[in-house]
Amino acid sequence: MHGRKRVKPSPEIERLRKEKEAVKINEYNELVDSCLNKKVKKEFDAIAFNFTTKILAQNPDFYTIWNFRRNILIYGLLKDATTHQKQETFSDELGFLQAIFKLNPKSYWIFNHRRWCLQNMPAPDWQKELSLVEKMLELDSRNFHGWDYRRYVASQLSFSVNTDSDKTETLIQTQFNFTTTKINQNFSNYSAWHQRSKMLPRLIEERNMDDEEKKIIIDKEFDLIRSAIYTDPDDQSAWLYHWWLVGREMYHISVLGAYFDPKEREIILAFDDEIGMMTPFLVTHGHEENNDYLIVKGKWRPAGGVSKHDQLNADRLYGFVWIFNLETENLKPLALTVTIEPSWIIPSHSEASLTHKFQKNVYIIDTGLELPILATTVAQAKLVETLIVPTLDTLPIAALERINLLKREINVIKELLELEPDSKWCLQALINLQSELKYASMLNSEEADKIDEEIVKYCDHLIKIDNLRAKRFEDRRSRVIFERKTRSLVQRAPEAPKEFVFSQTVIDSSAPQSPYTPPPQTSISFRSNGLTLIPTPSILLLIFDLDLSHNKLISMSFLANLINLREVNLSYNLISEIEGLRELRFLRKLNLCANLISSWKSIKEELINRGQTREENCKIHLHGNPINDRDPSGSLNGDIKKMVPWVEIITQIV
């Protein structure tokens with residue numbers, strides 16, 4: 001009992017206990033051997049059934065014995081039984097299961113066998129079963145196995161008993177009220193909150209609520225959540241339900257631009273999501289509307305090609321930038337059309353979707369210049385067909401109402417944060433809500449910057465108070481800073497306000513033969529921003545000069561997407577391997593000073609795979625890396641110089 005000091009048993013008592021346990025273990029093993037022997041011989045008789053009863057009464061998680069028990073019932077005891085006999089046998093089986101629930105009320109196999117019994121029982125009493133599982137949840141209201149089983153029983157009850165709509169609505173209301181009772185008993189009951197998220201949409205649907213009725217019931221839900229989070233701000237259950245209730249916007253994948261490189265004979269396609277290509281995009285020239293067009297032959301690949309990591313999964317390639325290599329040698333001036341169907345791509349996550357069939361035009365022109373990229377403009381993007389966007393598992397809330405709801409909840413949680421300044425869940429909720437508000441309300445640049453500043457402040461605080469998840473918040477912080485810094489590089493697509501295109505172009509679409517003009521912004525600096533990643537490198541596709549020095553980047557693989565780069569500064573980061581240079585055909589300076597690069601072999605492999613630059617020379621600065629200790633004589637550096645003469649590796653401070 002509690003409060004009593006434990007007394008170590010004497011050696012004699014311990015010896016007797018072990019002897020007694022040894023006898024039980026031997027008896028159990030003999031029982032199992034006898035039962036399995038019956039199973040091998042397929043003897044589905046009463047003796048085998050009794051063996052399974054004795055074994056499962058001691059070990060209810062022995063799933064092999066459960067399977068054998070079902071076979072005994074099917075092929076033995078109930079093979080020629082009448083309906084009445086089957087009903088009685090299954091009733092006895094349910095009684096046996098109820099008794100052994102006490103051994104392990106969270107056993108998968110007990111619940112699984114109970115479902116099987118009810119499904120095969122001639123006349124199951126679902127109402128009685130619902131009452132039984134509710135008693136079980138009274139003993140342990142957080143038993144998620146019990147909650148899952150209750151959902152199953154309720155679904156069977158609605159099909160078999162309640163045939164008219166009024167009774168079905170009553171059943172849903174009863175289940176909804178049951179979650180209210182359990183939540184009020186314990187705000188930390190995650191299973192009850194989860195069940196509530198399943199019942200609330202059904203309740204709204206069954207009652208056919210109008211907007212005002214939905215607003216009233218949803219406001220009541222937020223009142224319940226408010227009581228929970230003010231009672232215990234550090235409990236996750238109510239916060240997760242809050243995040244579900246607020247809902248999430250479906251992220252619209254954007255085709256930022258389509259371009260043509262005349263030197264490499266390549267079409268370059270940029271997305272704002274790391275998409276996978278299920279079906280190759282269609283490249284044509286001519287008029288598709290009149291079926292007067294020809295398919296252009298070629299092959300698609302993600303920028304950078306197949307990485308070491310993807311060599312075994314070449315059929316599952318993902319990329320922000322996709323490149324189409326034209327197989328034809330004859331590149332006369334003409335317009336090509338790239339067609340993209342939503343079903344042809346795989347988004348990087350379930351909350352993203354391509355919502356349109358796109359057609360993007362690219363022009364092959366003869367300028368007499370070796371241009372890096374010839375770009376299309378916003379006007380040349382054509383949305384052929386708007387599709388129905390798949391909705392997430394959220395409540396039906398009107399767009400304007402949801403924006404007001406987000407603003408209200410932000411203010412509520414800010415008030416709680418004043419009382420609980422170190423509440424991790426408060427801070428995370430504010431980050432999520434502010435991000436949703438920014439995306440849902442399509443704010444102007446100044447308003448978005450203000451929200452970004454607040455999100456960065458919350459991330460900085462979380463990094464300080466939550467060491468175990470600091471990297472996660474550093475990544476979130478990096479995403480926000482990157483988005484803020486690159487906001488001027490993209491603009492909302494006129495034909496689809498929730499999608500983006502590049503705000504700068506290289507060729508005027510109204511005059512395809514016009515002379516080349518460089519984009520208005522060709523350089524950008526992220527110096528000393530504490531970045532741990534580059535979330536959407538494709539946005540930097542048209543950048544010539546990139547400064548990422550004095551950050552916390554551990555990888556430079558994102559460079560594979562920045563085809564147009566001339567100079568990049570990655571000094572004073574945490575990079576340990578050179579990669580991502582394969583597509584950088586214009587690169588003339590790469591600063592990797594003061595990183596963690598220690599392998600000449602990786603440098604050699606990357607530079608050889610890269611191929612020759614179009615520039616006369618490319619300088620790679622490596623001083624301040626531990627690599628010098630591996631090549632004190634400079635012989636490895638010399639070997640690389642012989643194999644890749646257009647690259648100059650500088651290992652000393654100049």
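Q: How do you know that the reach of helix α12 is close to what's expected?
A: The expected span is 1.5 Å times one less than the number of residues in the helix. With 21 residues (399–419), α12 should come to 30 Å, and its first and last C-alpha are 31 Å apart. Helices here are DSSP runs of H or I with at least four residues, strands are E runs of at least two, and both are numbered from the N terminus. This is a predicted model, where local features need pLDDT of at least 70 and side-chain atom pairs pLDDT 80 or more, while totals for chains, interfaces and linings use all residues. Residues are numbered from 1 along each chain as its sequence is written, and side-chain values use heavy atoms, with hydrogens and water left out.

Q: What covers the buried residues of α12?
A: The cover includes α10 (211–231), α11, α13 and α14. Among the buried residues of α12 are Arg402, Leu406, Glu409 and Ile413.

Q: Why is Asn573 called buried?
A: Buried means under 20% relative accessible area (exposed is over 50%, partly exposed in between; 1.4 Å probe, protein chains only). Asn573 has 4%, so it counts as buried. Asn573 is in the loop between β18 (567–569) and β19 (589–591).

Q: What makes the backbone nitrogen of Leu553 a polar contact of the Asn573 side chain?
A: A polar contact is a pair of N or O atoms within 3.5 Å; within protein, one must be able to donate a hydrogen and the other to accept it, and sequence-adjacent residues count only if both atoms are side-chain atoms. The Asn573 side chain reaches that nitrogen at 3.0 Å. The backbone nitrogen of Lys552 is 3.3 Å from a polar atom of the Asn573 side chain. Residues that Asn573 touches (heavy atoms within 4.5 Å) include His550, Lys552, Leu553 and Ala594.

Q: Which class gives the lining of the largest pocket 21 residues?
A: That's the nonpolar class, alongside 11 polar and 15 charged residues. Ala, Val, Leu, Ile, Met, Phe, Trp, Tyr, Cys and Pro count as nonpolar, Asp, Glu, Lys and Arg as charged, and the others, Gly among them, as polar.

Q: Which element gives the largest share of that lining?
A: It's α13, with nine residues.

Q: How do you know that α15 reaches close to the expected length?
A: For its 16 residues, 22 Å is expected, and α15 reaches 22 Å from first C-alpha to last. Its buried residues, including Phe473, Arg477 and Ile481, pack against α13 and α14.

How values were computed:
Lists of a residue's contacts leave out its neighbours within four places in sequence.
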